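Trainee: I've got a model open and I'd like to learn how to read it. Can you walk me through it?

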Number of protein chains: 4
Amino acid sequence: MNTFGKRLTLTTFGESHGKAIGCILDGVPAGLHIDEAFIQSDLDRRKPGKSKLETGRKEDDKIEILSGVFEGLSTGTPIAMIIFNTNQKSKDYDNVKDLFRPGHADFTYFHKYGLRDYRGGGRSSARETAARVAGGAIAKLMLKELGVEIQSGLCEVDGIKGNVQDFEYAKSSKLYALDPAVEAAQEKAILTAKENHDSVGGVVLTTATGVPVGLGEPLYYKLDAVLAEAMMGINAAKAVEIGDGIASTHLKGSQNNDEITLQGFKSNHSGGTLGGISNGDTLIVKTHFKPTPSIFREQQTITTHNEEVTCNLKGRHDPCVAIRGAVVCEAMMALTLADMALLNMGRKMDHLKAIYPETKKSV
Amino acid sequence: MNTFGKRLTLTTFGESHGKAIGCILDGVPAGLHIDEAFIQSDLDRRKPGKSKLETGRKEDDKIEILSGVFEGLSTGTPIAMIIFNTNQKSKDYDNVKDLFRPGHADFTYFHKYGLRDYRGGGRSSARETAARVAGGAIAKLMLKELGVEIQSGLCEVDGIKGNVQDFEYAKSSKLYALDPAVEAAQEKAILTAKENHDSVGGVVLTTATGVPVGLGEPLYYKLDAVLAEAMMGINAAKAVEIGDGIASTHLKGSQNNDEITLQGFKSNHSGGTLGGISNGDTLIVKTHFKPTPSIFREQQTITTHNEEVTCNLKGRHDPCVAIRGAVVCEAMMALTLADMALLNMGRKMDHLKAIYPETKKSV
Amino acid sequence: MNTFGKRLTLTTFGESHGKAIGCILDGVPAGLHIDEAFIQSDLDRRKPGKSKLETGRKEDDKIEILSGVFEGLSTGTPIAMIIFNTNQKSKDYDNVKDLFRPGHADFTYFHKYGLRDYRGGGRSSARETAARVAGGAIAKLMLKELGVEIQSGLCEVDGIKGNVQDFEYAKSSKLYALDPAVEAAQEKAILTAKENHDSVGGVVLTTATGVPVGLGEPLYYKLDAVLAEAMMGINAAKAVEIGDGIASTHLKGSQNNDEITLQGFKSNHSGGTLGGISNGDTLIVKTHFKPTPSIFREQQTITTHNEEVTCNLKGRHDPCVAIRGAVVCEAMMALTLADMALLNMGRKMDHLKAIYPETKKSV
Amino acid sequence: MNTFGKRLTLTTFGESHGKAIGCILDGVPAGLHIDEAFIQSDLDRRKPGKSKLETGRKEDDKIEILSGVFEGLSTGTPIAMIIFNTNQKSKDYDNVKDLFRPGHADFTYFHKYGLRDYRGGGRSSARETAARVAGGAIAKLMLKELGVEIQSGLCEVDGIKGNVQDFEYAKSSKLYALDPAVEAAQEKAILTAKENHDSVGGVVLTTATGVPVGLGEPLYYKLDAVLAEAMMGINAAKAVEIGDGIASTHLKGSQNNDEITLQGFKSNHSGGTLGGISNGDTLIVKTHFKPTPSIFREQQTITTHNEEVTCNLKGRHDPCVAIRGAVVCEAMMALTLADMALLNMGRKMDHLKAIYPETKKSV
């Protein structure tokens, strides 16, 4: 239940204020060059404390590979990675030990398990997503060898939408903004909310180019369905759209269908999938994040002892989780696509026959 | 890859124009009264040809249980169910044998597998969803014993939104409309599109009441994430929202958090999940369906032999797939919740200790 | 829980005296020629009533393919197969309705599920293995394309061991005997037991030749481990040996190691696996079957109402289940190897890179 | 592929000469007291270098829990555990870098993956079993709460069989010998082989008492089948027997059936399972281990460059892997039974109805 994927599986562990977080990525094909600097760079993009727009918790998030790599190459055995927690301030959470923070998982974890690690949200903390980013980075390395590139950025913050999708610009933007024209307004919305001890929502656009035709396993491991699961499973996500998504429901069939020519599809309303299988066009996914539930305002709640109390949070929190969420969206798309690419091997008898004689020669 | 669920698993088979479609539902606890009439009634709600708003293909969709039930009760062994296809008109598809219908899975199936059953879309036909409805009906019977009730209806058609959510009304509406005030306009939109040989989109609202606290397995089998997968996996679905969904991204954290009192949550922006686990409040999911890709207008496409051609469809198709999609949404929510209920058994040592002595006494 | 395999999955359904038994085989690559006559011929080898050595229940065991095959080729979608039960004599079981037959699963099913289909053992009947044989036959067709051949036969009956392994001879032997020299003695042992209303055990040798190097997924889906599970999961199996098996524990390391030359291994004590991965040599598995628990002698037992009673069985039963078990062993080995072959695709980055450009050209 | 179990899953990582080995155990119910000293004591029983009968590699095998435990109790989240490697002598392996040690997995790993970590066998080293023992120890803690106790010992070494099964005696025996009468002879056989630079095989008996009736999921996750997989998956295992195993094939049905009385079964030929489900009697499994493939004699082999060479091993190795294998057998039986206990929750509707109202009260 802490494992994502079927053929490339990411199993994560760790709590916000425990000793360490980490993961085991299993199923990476042998012979992949494991670029540790690249993995670290993705973690650095996700790590907190890079600007005023993010939580003040500063974590180095230094990744250490424990297994599965030999002389720089993947060996086909599980790759374990670990990040030690260094900057916990568990005392910040003493006052929430017995109460359920509104909008958080405190209530549900407590009732599901009968007890919980209350420090920083324990397992339900978004800190766990660092492990996803580490696994996702290796998935990206795999995909790069197949010509697939994944990008992301914020297309909307607090209802302020951009019109332009400039992924290059987003890379150097503090809030990974896709549209330079609205970036300042989006930033201001975040800072205003922060000053008001409040938070805002945002929307992440994630795309993949160079996706081969044929990824996605009908009928219950469809590419679009698994992407929906992957994205909705990120902390604070509340909606997922594929391609035109909601907008497509306002079109007629004659407007929404992507006609086909020998040069490719004439449009991409579908967002790169047909029948749950990639069609070779750009894969387009939008993930909608609610405003951070951690706010510094008085809120009504109850305790584990069934008393009504006022909740006053301390701690350090992102005023807009969508920003760092963008890096996590990339990771989840990468993990999904790499898993699908592996599952797709062997879909035709021709492919099995092409691979197996080579193996036999070895004897 | 044709299996949904982890502990309660639905594995389906069958093509639109093959001999039969069906499923194996595995993991149903023993001792559940299997009400065949109820299963049939759900199939009847989904079956085509009930009104002008739907495809003219008339199928009886008579379900037959082949195993797993003895003297009216589930035995704990797999329940196989079968529906024989009776009203195929495969000739309608002779003219699309070699071309890719725009908006359909023809293109991707052909390139993934190297060949395809072109008759009526083969495996990618929405006809397969009858098997989901059959499995979902048994899941509903399980959930009913736990006090969970699932309902659905259309909250939007072709951009025409309702304001009221009257699930009782929807039951007798030809288009499962939730708001009587807009039903006529919604129906007209569908019929107008049909007259224009076109199609429209729609949005299905699905809810579950009486859901126990604690369903959903963090971190990669969360309730909301799996619901997103379940719904996005339905033919023609393009977006999924949980609770307020997209609207929540326009709220501040202080507006979006659901405060807690001893009487329960003061609001339900979350849609019944916190941290991916049910919180006991009503579960709310919206599924957005694109307009049916099968339209009777000339469309540009290519053939399997790489020729550009004009596609002129024949056959019988729904002008708005969202209508019958509503019944499928219920089924997928039921399968998800029943699976989660089973997975949740054993989350606490107390529960194991409560069950096991009873077992031992039997020796 | 009724599914075998990870990438090629066989899900079976059905009870001994229900309407039908059958299976869904999912994951078959597209483009495989599905030879229905071959599938039927394997079922015919397994079906009961071919000689006095077997149960008198006569079933046609006619297999019908319901899906997943189009114009003689697999399409990559699930292949459902069904066998209708025709020769049930459920009345034979009226007298065991309330009691637990010694050596049978009656006791455990009743206590696990709280109820059971008592007719002919219900789900626990070896009749279900017909579905395995059907699925295994398709796996054999897959493997044949890769140059793998699977054979089986009885190397021991009632303690009477053969010295020769003549698989060709076994094919035409009523008891699939591998050694013509002991066949008569083995047959006599079976018939003598039958006359005494008793039963005997036997040992099946199953081999695969032409197995590519590299099949088996360390560390928890090893080839030998999964074969052990596959064989031990067959009704009445009580022990499984790989290669020299128990005999190897009596050797010194210097005797048991298979030295390696450029012409191959100098011996095959290992039975074709090293570290859980196929080494290209002949795969050798022995499966030991207990004597049939259904005997026609008085036995002491209890009822579901906790009364001590004498059990007097009626019905028709094999005096030596190992005979027909041989065909099931082949099926389970075929399913295991075909699953492993598919899982093994993508173990090297080189293979992914070899397959994916081909896919891209299609756009 | 590095994960064992379905509901309680153990995923392991690590190579013999890498930084660390470890595991993630997922699915442990919340509220279990995690006794770290007990986990360590099981690791100490397995760790090398305790006597002349074992490899000279001395590892502290200190286990560190990284997550999933809070204030001494399991929280229901994944439990990660790590053991750092401290006493590697990788130089010992320089001379086998390019050759395939007979009886080892070098050949198959190299051909499967195209490269391998040759140091100490890399991933295929029995060192990985320390992670299984750590996970198994927690499974034992779970089972203890349900009244299940697991024990093991050697019943045979180099063909020298004992007649007595004294598990208490085995605990303090250097070779975990079950029969004091043959212990000295068994020890001598091991030391003689060691002096001759050779190795011997052995047989481990593992039992579980107090097992509830009903564990095991028919038809493809049967208790006996999964135990066979679990045991055969241990390094050097070549055969597995359940109950009387091979001996039962020499009995008549009338001898082998366990008759039933109101006081329980009159015999236990079955070894505690019927139809793949536990029957409440003592669970009995025998695992046969081949002689250690690492011997210090000249052996013929080939290199990765296809040259025939003589293999002369260095390093430190157990002359009889069955000894430490006994502790691993316990772990695998514990993991299997705990997994089965969790899977078995929810087999009856009654159990769901008993648990769920309690959950609802919490809202």
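Trainee: What turn and what shift along the axis lay chain A on chain B?

Mentor: Start with the general idea: two copies of a chain are related by a rotation about an axis and a shift along it. This is a predicted model, and here a turn of 180 degrees with a shift of 0.0 Å along the axis puts chain A on chain B, at an RMSD of 0.0 Å. That's why we call it the relation of a two-fold axis.

Trainee: Which C-alpha of chain A is nearest the axis?

Mentor: That of Glu229(A), 2.4 Å from the axis. The same surface serves both copies, too: 100% of the contact residues of chain A recur in chain B.

Trainee: How many residues are in contact between the chains?

Mentor: 87 residues of chain A touch 88 residues of chain B. On the chain A side, they split into 34 nonpolar, 34 polar and 19 charged.

Trainee: Which strands pair between chain A and chain B?

Mentor: Look at S11 (residues 237-242) in each chain: S11 of chain A pairs with S11 of chain B, antiparallel, over three bridges. Val240(A) has Val240(B) as its bridge partner.

Trainee: And within a chain, in what order do the strands of the open sheet in chain B run?

Mentor: S1-S2-S3-S7-S4, five strands with antiparallel pairing. The edges are S1 (3-4) and S4 (64-65) of chain B; each has a single partner strand, so one side of each lacks a neighbour in the sheet. Further in, S2 (residues 9-14) and S3 (residues 20-26) of chain B share six bridges, and Thr12(B) is partnered with Cys23(B).

Key:
Residues are numbered from 1 along each chain as its sequence is written. Chains are lettered from A and ligands numbered from 1 in the order in which they are written. This is a predicted model: local features need pLDDT of at least 70, side-chain atom pairs count only at pLDDT 80 or more; totals for chains, interfaces and linings use all residues. Two residues are in contact if their C-beta atoms, placed from the backbone, lie within 7 Å. Ala, Val, Leu, Ile, Met, Phe, Trp, Tyr, Cys and Pro count as nonpolar, Asp, Glu, Lys and Arg as charged, and the others, Gly among them, as polar. Two strands pair if DSSP finds at least two bridges between them. Helices (H or I, at least four residues) and strands (E, at least two) are DSSP runs, numbered from the N terminus. Copies are superposed by least squares on the C-alpha atoms of residues with pLDDT of at least 70 in both.
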